[in-house]
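Visitor: I would like a close look at one part of this protein. Please take me through a sheet and what packs around it.

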Amino acid sequence: MAFELVSDYEARGDQSQAIDKLVKSVEAGNRHQTLLGVTGSGKTFTMANVIARIGRPALIMSHNKTLAAQLFSEFRNFFPNNAVEYFVSYFDYYQPEAYIPRTDTYIEKDSSINDEIERLRLSSMGSLLTRQDTIVIASVSCIYGLGSPEDYENMMLPVWVGQEVARDELLERLVSLLFERNDIAFSRGKFRVRGDVVEVHPAYLEDTAVRVEFFGDEVDRISTIDVLTGAVIDRADKYTFFPAKQFVTPGDKMKRAVVAIRKEADERIAEFEKEGKLIEAQRLRMRTDFDLEMMREMGFCPGIENYSRHLTGRPPGARPYTLLDFFPDDFLTLMDESHVTVPQVRGMYEGDKSRKTVLVEHGFRLPSALDNRPLRFDEFMKMTGQRLYVSATPGPFEVVNSRPENHRFIPVAPLGRRDEGRGLDPRKVRVIASGSDEPVADFDPTRPGRPLVVEQIIRPTGLLDPELVLRPLKGQIDETIELCRENVEKGQRVLVTTLTKKTAEDLSEYLQGTGLKVRYIHADIDAVERVEILRQLRAATFDILVGINLLREGLDLPEVSLVCILDADKEGFLRNETSLIQTAGRAARHIEGRCVLFCDQVTDSIQRLIDVTEDRRAKQMAHNEEHGITPQGVKRAVQESLQMYTAQKEQAEGLNQSMVAEEEEAYDRVRVIAELERDMADAAGKLEFERAAHLRDQIAALKNGGEVAKKPVARKKLRYGKRR
């Protein structure tokens, strides 16, 4: 299936040669190729061109949700006529189940699921099963366990006009797909019935439902409708319903799974009792009995993923089904910011295993729960086939695998006569990097073609790498304030990086006190809000963003002209060569881009940053002079959001919840009071009494003819203890 790339510009600078070399390498059958592209050189556009020319389904992996959301928005613009999907963890908050034997502390699983991201995940699964022109932007969530694609596909429910099917039979099938009937609150994953009319809201659609009208036992009409108004959007001759949940199991498999789970539980309980571990045996018996009862009656139970091995019929130790199983065999994997993404994929398995092993040993889970796991790195490498690593600072793994000239072959068995004349037998050699112990994954010296590293240093706009400025640590905060004021007066944005969350929050508060418009961003802020914060920075809602580690890889912020790195000489993970190069690169999309490093000594990492920057600037200036190019700043429209909330919900639950925007000059006072009263009742129901009290005060002010406070009143936290 052809991919139709839509763009207002063509390949420039180093992009054309990079695209040609990468496409040639992929077509030659190489499993590894690396794109070493500097920040702002258009790596995303190069990736889009490679996908369009190769013409195969693609998985684009990113190491965090914020960057994945940015890539999702960009690729939707590049491929508006193809299926571009988004697959990341649907947890806004996730506390995994765990047990600490030393203190006898059991931590129950706790999570908050984002309905919008769950919808996008389901949409990804559906597109992969029904379309060949699919691009999925995913986080490391794609290597975690998912339902069987075979079961998911077999349980799809096609309905067509003229089909002979009873209404009640359709309802039973919808229930088996884990849809819920609700004739009052009609939302995603639910259906309602009105006589001979059945309306279904698929879990993967946002504001569109499907209306199926019957005439007796025959489907008379199928329509897509607006969920809010009920107005008909379009007529359809056929529609296919996908399951409403990601983990769905046919009834016959569920029955077999219940029997297998009971058998394993009985064996494990008997083993505990034989060893005298009566507490562990009782724990396991209570947990298993409850879960099996839920599965028999409801077809689902909390933590059902821990029984995935039995539900899918896999043998012990077998790898889980993941999103990768939904792809066809010839898909292409692109790992964006691979220097972070590859180690992240490699580290998932062991961390998950160590936590679950403790749960199994103490009777909180069956041993089969260990098979509900992420893929091991070798399994991931085997399943992904051909890979393209993309980074401004590729790691050792990517470079070693993509540069065969660095490889040396160590025979582990004598070469026989049959091997002469056709090169080394890959089964009889071990390949490692020259001067390194880093193994070369699945490298086959007998395959045609040569893996390669393609450099993309020249930017299409002629921009140079940002100028580096070193300043002393003493007075770094005051100096940062002055630098921020200078840039803000020019209408430019600033990024400031610190070493800790507390420092980021305190610095933001301090800068706000000087009259600057500042916000902070770190890992405690959920994924949806992070995306909105970055959009607001570009839209000039505020001018300065303070962060720690999130202001690095891949963030496309053309309005940022200054990056301030505080405590730059504190050598470590946040101030190593890779981190400094990536952070400094955030100013590379502005014609006046600068990076100010506050340090008292030039560490090895700072020196390498200086050397790399000077080398690249020399090449870029020489190229501009040779071709008569005048550098120009990047101009790009603010990307659309994921539209996680409707406009009504944004007013009630957005970033400025419990208040009305100050710039909203005219508003309906009655409507606002009604909204605030609903928020107050909701806050009280959640036991958020401080917020409820503040809302009460705002309502009273509005009723008395006053205005809503610009900001919530700061309230002192009370400490409760014994009275003296």
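**The sheet and its surroundings**

Guide: Start in the sheet, where Met 61 stands opposite Met 335 of strand S17. Keep in mind that this is a predicted model. Strands S2 and S17 are parallel partners, and four bridges link them. S2 covers residues 58–61. On another strand, S8, Met 61 has a second bridge partner, Ala 138. S8 covers residues 134–138, runs parallel to S2 and is joined to S2 by four bridges.

Now go to S17 itself. Five bridges tie S17 to S18, again in parallel. One facing pair there is Leu 334 and Leu 388, the latter in S18. Is S17 enclosed or open? All five of its five residues are buried, so S17 is largely enclosed by the rest of the structure. The side chains split between two directions. Leu 332, Leu 334 and Asp 336 point one way. Thr 333 and Met 335 point the other way. Every one of these residues is buried, Asp 336 and Thr 333 included.

Step back to the whole sheet. Seven strands form an open sheet with parallel pairing. Their order is S3-S8-S2-S17-S18-S1-S21. In general, strands of a sheet pair through backbone hydrogen bonds. At the edges lie S3 (83–87) and S21 (452–456), and each pairs on one side only. From one strand to the next, the twist averages 20°.

What lies across this sheet? Helix H1, residues 15–27, lies across S1, S17, S18 and S21. H1 runs at about 165° to S21.

Helix H16 also has a link to the sheet. H16 spans residues 577–584 and is mostly covered, with six of its eight residues buried. Those six are Ser 579, Leu 580, Ile 581, Gln 582, Thr 583 and Ala 584. What do they pack against? Their partners include strand S18 (386–391), helix H10 (338–361) and helix H17 (604–627). Strands S23, S26 and S27 are also among the partners.

Pick out one residue of H16: Gln 582. Its relative accessible area is 1%, so Gln 582 is buried. Along the chain, Gln 582 and Val 38 are 544 residues apart. Yet their C-alpha atoms are separated by 9.1 Å.

Next, look at two helix pairs. The first is H2 (residues 43–54) with H3 (residues 65–78). Their axes come within 11 Å and cross at roughly 50°. H2 and H3 are therefore oblique to each other. The crossing is right-handed. On the H2 side, the contact uses Thr 44, Phe 45, Met 47, Ala 48 and Ile 51. On the H3 side, it uses Leu 71, Glu 74, Phe 75 and Phe 78. By class, the residues of this contact are seven nonpolar, one polar and one charged. The spacing of residues in a helix helps here. An α-helix has 3.6 residues a turn, so residues three or four places apart point the same way.

The second pair is H13 (residues 476–489) and H14 (residues 501–513). They pack at about 55°, with axes 12 Å apart. That angle makes H13 oblique to H14. This crossing is right-handed. Ile 477, Asp 478 and Ile 481 of H13 meet Leu 507, Tyr 510 and Leu 511 of H14. The contact of H13 with H14 has five nonpolar residues, no polar ones and one charged.

Definitions and conventions:
Residues numbered from 1 in each chain as written. Predicted model: local features only at pLDDT ≥ 70, side-chain atom pairs only at ≥ 80, totals over all residues. Heavy atoms only, no water. Axes fitted to C-alpha atoms, helices over the stretch in contact; angles between N-to-C directions. Parallel < 35°, antiparallel > 145°, perpendicular 65-115°, else oblique. Left-handed = near helix turned anticlockwise from the far one by under 90°. Contact = heavy atoms within 4.5 Å. Nonpolar A, V, L, I, M, F, W, Y, C, P; charged D, E, K, R; others polar. Buried < 20%, exposed > 50% of the residue type's maximum accessible area, 1.4 Å probe, protein only. Pairing = 2+ DSSP bridges.
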